[in-house]
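Reader: I am new to this structure and should like to understand the terms used for it. Please show it to me before we begin.

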Amino acid sequence: MKKEQRRSWPGHFLYSTRRKLILIVTLMLSLLFCGTFLGVDQIMKQDRYETLTKQYYYVNRQMISAFEKISEELDQLTEKYILNEYVQKTLTNQEITASDLEMMKKSLAFYNRSYLDYYLVIDNKENLYSQKKVTLDFEKFRKSQIYRGFGDHYSKTVLMWARDVIFGTNEMSFFVVRHIRGLNVNHEPGMLILKLNENLLDPVKDSITDDQLSYFILNENQEVCFSRMPGGARWNPEEAVNREILQNVISRQGMETGNLDWSDGIVSWDYDENSCFTVVTYASKEVTDAVISKIQGMMLAVFFITYGVAVLGIILFSSWFTKPIQYISETMRSFDEQSMGNRIDLNTNTELDEIGQAYNKMVVRVKELMEDVKQKEGELRESELASLMYQIRPHFLYNTLDTIYMLARIQKEETIMRMIQSLSRFLRINLSNGNEQIETAKELEHVSSYLEIQKIRNADLFEYETHMEESVASWRVIKMILQPVAENCIKYGFCDIEEGGKILISAGREGDFLVFTVENNGTPIGAEQLEKLNRLESAPLGEMDEILQYRQGGYGIRNVVKRLRLRYGDEVRFYYRALEGGTVCVIKIPVKGEGGNGDE
Amino acid sequence: MIFCCGCSHSPEPELVLQTETEVVIPVTFRVDPLTNQSDNEQLVKDFNGEFAGEYRMEPNWLIESTSGYRNKLKQWNVLDQLPVLITDAGFDYDFYRVLTQNDRLVDLTPWMEASDFWLDAMNPDILAGCADPDGGVFLSPLGNNIHTYAGIIYREDLLASVGYREFPQTWEEFWECLDALKQEGITPLALHGSGSYWVPMLLATAYIYGDAEGKDFLDERLPDSYQNDEMRELMEFLRRLYGYTFPDALEFDYDQTAARFIDGQAALIANGRWMFETIGEKNYEKYRFAPFPGGILMNSPQMSAWAVTKGYSDEVTEGAVKVLEFRIRCAQDTKDVSDGSTLMDSYIAATEMDYRVMPNFQLQWEQEIQNEFFTEYMPGFLAGEIQTDEFLKMMDERVEEIRSKK
């Protein structure tokens with residue numbers, strides 16, 4: 001019986017190379033990931049401000065760059081107005097005729113843009129030219145933010161966010177102003193004022209790619225002239241966060257670019273010297289943390305992908321690696337006398353091939369050793385028998401028994417004559433000139449001789465009968481297999497009776513087996529003894545002695561079973577059955593071919 | 001106009017490594033559309049070589065005619081886009097006044113006085129001619145006139161073919177020469193239409209400068225009236241001149257006509273030294289230079305004047321002034337150099353003879369008269385549709401109008 005090796009829980013769980021490898025990889029990668037995760041987290045938290053402000057600086061530069069494009073566009077647009085022949089004419093002392101005005105209106109209409117609402121040309125004599133009817137109180141106009149925008153510039157294009165005091169809307173709007181200088185002759189300059197609408201900022205809007213951030217553009221007076229909030233929210237200057245953003249930026253207005261990390265997020269701003277506008281980007285705490293979370297999520301994803309790939313690799317590798325091991329293991333486990341011809345055939349191009357070859361060599365060696373052992377055992381037994389035979393000196397013994405028989409005959413001692421006859425037959429078969437095997441008929445004669453002697457010895461204790469199929473009479477079996485069984489019938493079966501015992505011995509054929517049955521009508525065999533005796537046919541040879549101790553009277557039976565198994569292998573059956581009124585012992589010996597086992 | 005430069009190929013972009021301390025001087029130079037060459041390419045190379053690591057001129061090469069370039073200058077001014085260094089700063093008195101009255105130019109006096117050689121290199125007459133009447137010097141002409149004379153440039157072989165070894169000394173001989181050429185089937189004169197009628201007007205003003213009244217009239221700056229005998233004489237001279245040029249001359253501008261002359265389609269043209277680069281050194285042997293009949297040369301130092309504009313950093317301004325000084329030094333070094341060609345030898349000989357210098361009418365008369373009025377009415381006059389007195393009356397009316405606009 002195989003002994004199942006019991007393992008503890010972790011041992012059982014970790015059984016197999018694959019599981020161990022997966023565990024090691026899991027531990028290593030987890031350790032690596034945890035270390036990296038914590039390290040990166042630590043570094044990122046330290047560098048977050050620097051990284052994000054760089055990013056926001058870039059965003060601001062994009063917006064400034066868009067602003068520069070707008071400035072260039074406005075430069076080119078205002079150039080057209082300034083160089084316009086009729087606009088130039090307004091600076092001279094020439095009379096502006098109705099035809100001139102019409103031509104001016106027509107030519108200026110060509111300069112229309114989607115972001116342009118109205119133009120106003122004010123010549124150096126304070127005449128106004130516009131497509132919209134405009135009346136201007138020059139005293140008030142000179143105090144306005146728009147007028148101040150002209151400053152001392154010779155002819156600079158100035159973009160401003162100012163209240164519309166010219167075209168009547170009185171709303172904050174974008175304006176661009178520029179002096180109109182005389183092309184050929186020196187004159188007092190005129191003024192060009194363009195009122196622009198929100199389409200002007202289309203390039204700025206287009207430059208915005210991250211909708212999670214808030215964007216503001218402030219003019220020189222720190223007024224918000226453009227805002228874009230996450231989720232389409234509207235700019236509310238009264239909101240605490242917005243108020244704080246503005247205060248933070250305004251308090252650092254002297255700095256051209258700057259960043260501020262505060263509890264509610266990061267504010268980054270950039271000042272455009274050319275337009276004098278400040279671009280502000282604000283990222284809330286949620287947004288700045290989202291960046292870290294995103295990176296950590298990415299790391300986690302990378303870890304799981306790496307882990308998955310590693311585990312898959314292990315499974316594939318271990319499958320490739322453990323299959324041959326399992327094959328070797330199965331072959332070794334099923335090793336027995338019948339499978340000695342089996343060989344391990346491996347071609348993995350690994351050390352496993354050497355294990356397979358070593359196993360094959362071992363099997364060959366084991367077979368050789370077993371045959372060697374068998375041969376030596378046989379030789380030893382024969383040697384022992386020869387020695388006994390020599391000690392017994394059978395001829396001397398037979399002559400002596402013949403002499404005793406003659407004396408008993410002379411004295412007409414029938415019983416002694418019968419007894420000596422039986423003993424002489426018993427001993428002759430017993431010794432059989434040293435042969436191990438005898439014919440089935442001889443075996444039955446041998447046990448009959450024994451029972452004859454016992455019958456005389458035990459008066460009328462029992463009767464016996466023997467039956468044999470003729471076909472098996474000449475089959476050869478190892479000798480002295482029935483006598484110990486018959487002895488046990490007398491010794492244990494008839495221990496409770498004085499007379500009337502009956503022993504029935506038969507020999508016949510059942511398929512490929514020669515079958516002996518020895519039945520008695522004595523006391524049925526006990527359950528405990530029955531279990532022990534029946535275990536003998538399948539127990540390992542080395543353990544048979546432990547099953548049936550010598551003192552328990554099992555020596556003869558154990559000896560018979562052992563000899564049968566040694567001789568005929570594990571196909572031999574030897575078992576007892578308790579009958580209602582007695583006990584029967586069945587011995588089945590495999591035969592090879594019709595002529596019995598064919599042994600010598 | 002810088003002889004040391006010897007420009008002989010078109011400007012090409014150079015790979016220049018800029019050091020951290022190098023000051024970049026943005027300039028715009030004209031490239032002649034006919035030759036694809038700029039007079040100033042060599043100057044840029046020489047300056048950048050001499051001041052490497054300290055200053056570097058970064059030119060924007062503008063392919064434009066002279067008049068186109070001058071219009072651009074005016075536009076850049078009103079748009080506040082003037083480069084730090086401008087050429088042709090004195091070509092138009094009105095424009096010059098626009099620049100100076102609006103404080104657009106840098107007064108060069110402190111640099112001239114601080115320089116070891118600048119003032120010494122300047123001819124006192126030239127310096128005086130470029131000084132601003134309100135004080136200060138805003139124009140920087142070349143130090144001497146050697147490179148800025150204008151006269152007659154002619155094909156030696158064509159004149160020789162009609163028996164003229166030397167260019168006519170008198171106006172009578174001049175007409176005879178033209179007749180002779182015409183009879184030989186050679187177009188005598190390369191004249192053009194549009195603009196200020198530069199070439200014909202050079203000849204015509206040289207013609208009237210020969211007598212005292214004509215000289216007085218031409219020496220007068222911004223005359224109030226053109227209805228005088230000198231102008232009548234000039235107008236008749238012009239009408240006669242156009243009998244010796246291409247039949248379609250009025251359809252071509254100056255640049256196209258110059259190309260025709262260089263192409264050998266006419267025997268002579270009136271122009272200055274600066275045209276030599278356009279002719280090309282390889283053609284110098286074909287041409288000769290001569291004063292106008294009567295021994296008259298035209299010279300105007302303002303024509304060669306450059307200026308530095310305001311609005312740039314002190315470093316860039318300093319660099320631009322260095323360019324002006326460098327330019328004068330280069331011109332000074334090469335003033336007497338002749339390459340042995342007939343054209344150069346004849347030019348140098350003309351400048352060394354006893355000649356009279358007449359002013360440039362372009363600087364004496366209203367710009368609008370030259371650029372607009374002439375373009376508008378001269379074709380009619382030359383076609384005989386407008387009579388001389390009528391033309392001069394209209395001219396006076398336009399002057400009045402111009403004055404009233406100012």
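Author: The following exchange takes up confidence, strands, burial and contacts in turn. This is a predicted model, in which local features need pLDDT of at least 70 and side-chain atom pairs count only at pLDDT 80 or more, while totals for chains, interfaces and linings use all residues. Residues are numbered from 1 along each chain as its sequence is written, and chains are lettered from A and ligands numbered from 1 in the order in which they are written.

Reader: How do you know what confidence the predictor has in chain A?

Author: The pLDDT expresses the predictor's confidence in each residue, from 0 to 100. Chain A averages 84, and 90% of its residues score at least 70. Strand E14 (residues 501-510) of chain A has the highest mean, 95, and helix H1 (residues 9-13) of chain A the lowest, 66. Over residues 594-600 of chain A the pLDDT is below 50.

Reader: What makes residues 214-218 of chain A a strand, E6?

Author: Strands (E, at least two residues) and helices (H or I, at least four) are DSSP runs, numbered from the N terminus. Chain A has 17 helices and 17 strands, and E6(A) is the strand at residues 214-218.

Reader: Why is E6(A) called mostly covered?

Author: A residue is buried if 20 or more other C-beta atoms lie within 10 Å of its own, exposed if 12 or fewer, and partly exposed in between, with C-beta atoms placed from the backbone. In E6(A), 5 of 5 residues meet the criterion for buried, so the strand is described as mostly covered. Ser214(A), Phe216(A) and Leu218(A) point one way, and Tyr215(A) and Ile217(A) the other. In chain A, buried residues make up 26% of the 600 residues.

Reader: Why are E6(A) and strand E10 (residues 277-284) of chain A said to pair?

Author: Two strands pair if DSSP finds at least two bridges between them. E6(A) and E10(A) have 5 bridges, so they pair, and they run antiparallel. Ser214(A) stands opposite Tyr282(A) in E10(A).

Reader: How do you know which strand forms a hairpin with E6(A)?

Author: That strand is E7(A), with 5 residues between the two strands, and Gln222(A) in this hairpin takes a positive phi near 60°. E7(A) covers residues 224-228 and is joined to E6(A) by 4 bridges, again antiparallel. Leu218(A) has Val224(A) as its bridge partner.

Reader: What makes residues of chain A and chain B count as in contact?

Author: Their C-beta atoms, placed from the backbone, must lie within 7 Å. On this criterion, 15 residues of chain A are in contact with 15 residues of chain B.

Key
Two residues are in contact if their C-beta atoms, placed from the backbone, lie within 7 Å.
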